[in-house]
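Here is a short tour of helix packing, burial and backbone angles. Have the viewer open as you read along.

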Amino acid sequence: MTAFIENISNHFPPLYFVLALLGMAIALFIQNKLRMDTVALLVMLGFGLSGILTTEEIFAGLGDPNIVLLALLYIIGEGLARTGVANMISDWLMRVAGASETKLLVLLMLSIGLLGSFMSSTGIVAIFIPVVLAICASMNISPRRLMMPLSMAGLISGMMTLIATAPNLVTHSELIKEGYKGFHFFSFTPIGIMVLILAIAYMLVTRHWLNDDKIAPSSPNHSDDSMAKLIEEYQLNGRAKMVILAADSPFIGKTIDELKLRSLYQMNVIAVQRFKNFSHLTLAAFGNTQLQKKDILLMDIGISEEEFEALCEKLKLQHIELKGSYFSTHAKSVGMAELAIKPETESVGRSINELGFRSRYGVSIIGIKRDKAILQDNLLTETIKPGDILLVIGIWSKIEILMQNRKDFFLLTLPKESKQAVPAASQAPHAIFSVFVMVLLMVTGIVPNVIAALIGCLLLGKFRCIDMKSAYASIHIPSLILIVGMMPFSIAMQKTGGVSLMVEEFIRMTGGESTSSFFILLGLFALTTVVGLFISNTATAILMAPIAIEIAKQLSYSPTALVMVVAIASSAAFMTPISSPVNTMVIGPAGYRFGDFVKIGVPFTIIVMFATVLLVPVLFPLQ
């Protein structure tokens with residue numbers, strides 16, 4: 001280390017500034033008092049004031065096609081989420097796993113690894129957290145045993161394809177910048193599959209290390225803003241029914257308004273499920289919705305069980321057993337919200353029937369809260385009064401549209417289940433097709449990756465899998481700013497001789513050409529992992545990729561092999577809860593402590609390190 005410091009003193013002062021700025025950035029990342037993107041902007045400001053880099057070099061990241069590609073991939077991931085592709089897999093997971101925890105763990109990690117190859121690992125883990133909590137509650141097991149496998153699989157999914165995570169694209173971009181060929185779409189896949197298999201085997205053994213008798217098995221947290229709370233408050237249990245229209249039902253061919261079910265029978269159609277495109281779609285129940293044979297009606301009733309059964313027999317309706325409490329099992333498609341009436345609106349003084357909620361918005365009012373009392377009976381004739389709170393129910397997309405009407409009322413309560421909503425479920429086949437086209441274009445190399453992703457996004461828009469508002473909202477600007485802001489370090493370290501200096505020190509400490517390539521790769525993986533303990537995996541890749549390329553040049557190795565080691569090591573952020581947002585997300589739901597990640601993550605990181613170092617030279621020859 002002394003020799004390293006003496007070497008620094010022999011270089012120009014600009015290197016001092018670059019290293020000081022890097023140290024400041026790492027310190028701020030560790031303190032976590034400023035947002036990461038704010039730190040990145042301060043870094044750009046520091047380079048701008050120092051004069052070490054030109055303005056073009058400081059903002060070079062904004063012209064990098066990979067930044068645009070990352071933004072487009074966020075949109076692709078949102079399209080898969082909005083169409084319910086991820087939820088379809090989670091539902092299948094719950095159905096197939098049954099009561100076997102072992103089968104559940106294996107299928108969970110395989111599912112995350114597959115989906116995370118094409119969408120944000122953070123996004124996919126967010127989708128699966130409530131699924132895992134629900135499964136843990138039903139199987140009476142602690143979520144501590146499944147949340148760690150969930151986060152681990154999320155990180156490993158980034159090792160599956162070129163587009164799976166930002167470090168892959170950053171390292172690929174660095175290779176291209178230096179004049180090398182770069183990675184193919186599936187260059188990472190063999191390593192990712194190997195690591196995923198190792199992780200599954202590892203977690204089947206080590207999940208027992210996460211047992212904690214002090215922490216009771218968790219169930220989904222029915223907080224004050226959940227549907228469960230609204231169902232209880234408005235006394236809705238027992239009112240939900242599902243029926244399917246028989247072939248000779250008098251309902252077939254008629255609209256909901258024509259049937260007058262609410263006024264005649266106190267039966268209110270909430271939504272309609274219809275088989276289309278090889279799946280059941282949940283449709284809004286507008287007044288002019290025409291019913292078809294084999295439609296499934298989700299209904300709210302205000303009559304007794306005996307009266308309902310008699311009506312089903314009379315009207316040729318086949319009663320279907322409904323699990324859960326008041327459509328809670330349909331929360332991905334059907335939701336509810338509380339709306340407060342504005343005192344000055346024209347709605348005050350009018351009856352529910354006159355408001356025409358079903359005809360205008362495709363949702364139904366199923367309860368009124370007035371002076372802490374709950375009104376449910378004969379709601380159609382009930383007159384709206386100032387201060388009334390309306391409980392509405394319908395498909396989430398229509399509730400979202402209703403909330404935009406701020407002239408007559410405003411949102412009071414939106415349950416947390418709205419975050420699991422699938423507003424474009426009918427377009428799931430189109431979303432899968434769009435992603436398939438994008439991947440095909442990337443694999444064949446017909447067009448550049450960024451153009452392939454753009455085509456995929458345009459197809460998602462064409463098929464109404466995503467709208468412009470959702471597309472722009474899905475782009476995680478702070479992550480892009482972090483990458484753009486940290487890129488100048490790569491340029492500055494090379495420009496001031498810092499990269500050459502670090503490479504010389506690395507080669508000296510590892511023995512250089514006299515040392516086996518195995519130990520060179522091992523040292524590079526270990527160094528990258530240590531750097532990744534303090535900064536994000538993306539920033540780690542930005543800093544380490546140029547170093548790997550320079551080491552390869554001096555030792556006459558293939559830069560592709562060494563940069564691949566850096567990419568995998570950057571994603572191997574298993575050791576601490578702050579190494580990756582994926583780890584941070586599961587701390588609360590599982591009740592993990594810092595030591596849990598150390599206990600599970602350190603041994604597995606060592607396993608991944610040796611496996612990677614052994615496999616990379618086979619896939620990417622060093623010479």
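The report below goes through helix pairs, single helices, two buried residues and two backbone angles.

This is a predicted model, in which local features need pLDDT of at least 70, side-chain atom pairs count only at pLDDT 80 or more, and totals for chains, interfaces and linings use all residues. Residues are numbered from 1 along each chain as its sequence is written, and side-chain values use heavy atoms, with hydrogens and water left out.

Let us start with two helix pairs. Helices (H or I, at least four residues) and strands (E, at least two) are DSSP runs, numbered from the N terminus. Axes are lines fitted to C-alpha atoms, for helices over the stretch in contact, and angles run from 0 to 180 degrees between N-to-C directions.

Helix 2 (residues 13–31) packs against helix 22 (residues 477–495) with axes 10 Å apart and an angle of about 150°. That makes helix 2 roughly antiparallel to helix 22 (an angle over 145 degrees). The crossing of helix 2 with helix 22 is left-handed (the near helix is turned anticlockwise from the far one by less than a right angle; clockwise would be right-handed). On the helix 2 side, the contact (heavy atoms within 4.5 Å) is made by V18, L19, L21, L22, A25 and F29, and on the helix 22 side by L482, M486, F489, A492 and M493. By class, this contact has 11 nonpolar, no polar and no charged residues. Here Ala, Val, Leu, Ile, Met, Phe, Trp, Tyr, Cys and Pro count as nonpolar, Asp, Glu, Lys and Arg as charged, and the others, Gly among them, as polar.

The axes of helix 24 (residues 517–532) and helix 25 come within 10 Å and cross at roughly 160°. Helix 24 is therefore roughly antiparallel to helix 25, and their crossing is right-handed. I520, L524, L527, T528, V531 and G532 of helix 24 meet T540, M544, A548, I551 and L555 of helix 25. This contact of helix 24 with helix 25 divides into eight nonpolar, three polar and no charged residues.

Two single helices can be checked for length. The expected span of a helix is 1.5 Å times one less than its number of residues.

| Helix | Residues | Expected span | End C-alpha distance |
|---|---|---|---|
| Helix 9 | 144–157 (14 residues) | 20 Å | 20 Å |
| Helix 19 | 428–444 (17 residues) | 24 Å | 24 Å |

In helix 9, 14 of its 14 residues are buried (under 20% relative accessible area, with exposed over 50% and partly exposed in between; 1.4 Å probe, protein chains only). The buried residues of helix 19 include S434, V435 and M438. G445, with a positive phi near 75°, follows helix 19.

G456 in helix 20 (residues 449–462) is buried, with a relative accessible area of 0%. Beyond its neighbours within four places in sequence, G456 is in contact with I76, S434 and M438. G456 and I75 are 381 residues apart in sequence, yet 9.4 Å apart in space, C-alpha to C-alpha.

T538 is found in helix 25 (residues 537–555) and counts as buried at 8% relative accessibility. Leaving aside neighbours within four places in sequence, its contacts are A166, P167, V170 and I483.

Finally, the backbone. Most residues other than glycine have a negative phi. Q266, not a glycine, has a positive phi of about 55°, and K316, also not a glycine, has one of about 60°. Q266 lies in the loop between helix 14 (261–265) and strand 2 (267–276) and is partly exposed at 36% relative accessibility. K316 sits in the loop between helix 15 (305–314) and strand 5 (317–320) and is partly exposed at 35%.

Conventions:
Parallel < 35°, antiparallel > 145°, perpendicular 65-115°, else oblique.
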